Structure formats: structure tokens, C-alpha cells
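Good morning, and thank you for joining. Please look at the sequence and the structure as they come up.

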Amino acid sequence: VFYLPLVCTAVLYRDPRCTWWFAGGAIAMVLIGFVLPMVNLSPGSVINRSLSVLAIIATALLVRLAGSMQLRLQMHSQQAQAADRLKAQILGSLSGELRAPSRAIIQHAETLASTSLPGQRGVLDQLHTAAVRLSLTIENLLDLAEATDRALHLEMLDIAGIVRQAVDDVRHVAAAKHIWLESDSGFAGTQALGDAWAVRRIADNLLSNALKFTP
């Protein structure tokens, strides 16, 4: 009655110390059942004690198998965590190296556009739009690297205010493509529980895709 549940728990349980406690309890019960009827040498008693010995051997094998499985799982888990950390480091370093040049391109394109000749304005606008797109892509990569190590910070947010800020940041991109962009002020004062960083990333990605695929 008690032996099988204990052995199954020992095999399936992930904590090695508890595994040995459960298995040890099962083995102790089997040993007690083996030692108590020693005075009885009837065939039934001998068969029962023989089965007890086999049960002890089976328990030892199962616990050993469970231990090796746990070690393999821990190794795979550590390898996956190391791969995630390496990916975040690569993304962070690569994106950081690209962020400064893209901002410089945007600033120079804006400066040149303000003093350019009429025939040069279209080319400079295209350059500015491409640089802004590149900057948004880099920011998304940085967000991905940051999200792997970041915990959500929940607070009451002014959703309309976050959306307005996101719209203002891409308004020049919309203007370069002759797209009319407006945020509805009818939801002013609307609040919701969320993470400001994550909500802003959602708004930025929605606007970026909308501008990207709008003719």
C-alpha cells in the first residue's frame, strides 16, 4: 500500500534530497516486512521475502535512474540559461554599437534637410526615414536584450499619455511619408494597471508597423 506511492514519488520528485528520503522510507518498509517474518519458513513467507529483496533492488535502480535524469535535466537547464545570457550579451553589445551611429545619421540628416536645396530635400527625407527605421529596429533589439533580465513593475498608468508620447516620437516619420497621424484625446485620463516600459514598447511597435506598411 505504501511502497509503490513512495517509490513513484521518489522517481518523479525533482529535489535529490527528498528523493533519497522517499526512497529510504520505502526501503525501510520493505526491510521491516522482510525481517519480521524470519521465523516463518513457509513457502509463502520465503516468496514474500524474495519479492521484498527484488523490491529493494528495483528501488535502488529507480532512484539511481532518477538521479541521473535529474543531473541531465540540470545540465540542459544550465546550458539553456547560459545560451540565453550569451544571446542577451550579444544583442546588447551589438545594439549599443549601432545606436550612436544611427542617432548621428538622424541628426545630420535633419540638419542637412533644413539647409538643403529643393531638389535635395526628397533624398534627405528618404535618408532620414531610413535612419529612423534603423534606430527603431535597434531599440527593439535593445528591448529584447533588456526583457530577458527585466521584471515587470506594475503601477497605475496614464495610457493616453503614453500613447501621445509614442505618437509624438514618430510624427516626423509619418510626415516624411505624407501620412496623417493623430492621437484621439477622447480617452484622456484613462488609467490601467501595467508596466510603463512594456506598454510603451507595445505602442512603439504598433506605430512602427503601421507606418511601415501604410502606403
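Which exposed residues does the face of α6 turned away from its buried side carry? They are I202 and L206; exposed means over 50% relative accessible area, buried under 20% and partly exposed in between, with a 1.4 Å probe and protein chains only.

This is a predicted model, in which local features need pLDDT of at least 70 and side-chain atom pairs count only at pLDDT 80 or more, while totals for chains, interfaces and linings use all residues. Residues are numbered from 1 along each chain as its sequence is written, and side-chain values use heavy atoms, with hydrogens and water left out.

On confidence, the protein averages a pLDDT of 77, pLDDT being the predictor's confidence in each residue, from 0 to 100.

Now to α6 itself; helices are DSSP runs of H or I with at least four residues, strands runs of E with at least two, and both are numbered from the N terminus. Its buried residues are W197, R200, R201, A203, D204, L207, S208 and L211. Seen down the helix axis, they fall within an arc of 165°, so they line one face of α6; the arc is that of the directions from the helix axis to the C-beta atoms.

Finally, the start of this helix. D195 lies in the loop between β2 (191-194) and α6 (196-212), and D195 is buried, with a relative accessible area of 4%. D195 caps the N-terminal end of α6, with a side-chain oxygen 3.0 Å from the backbone nitrogen of W197. The side chain of D195 also reaches the backbone nitrogen of A198, at 2.9 Å.

Technical notes: A polar contact is a pair of N or O atoms within 3.5 Å; within protein, one must be able to donate a hydrogen and the other to accept it, and residues adjacent in sequence count only if both atoms are side-chain atoms.
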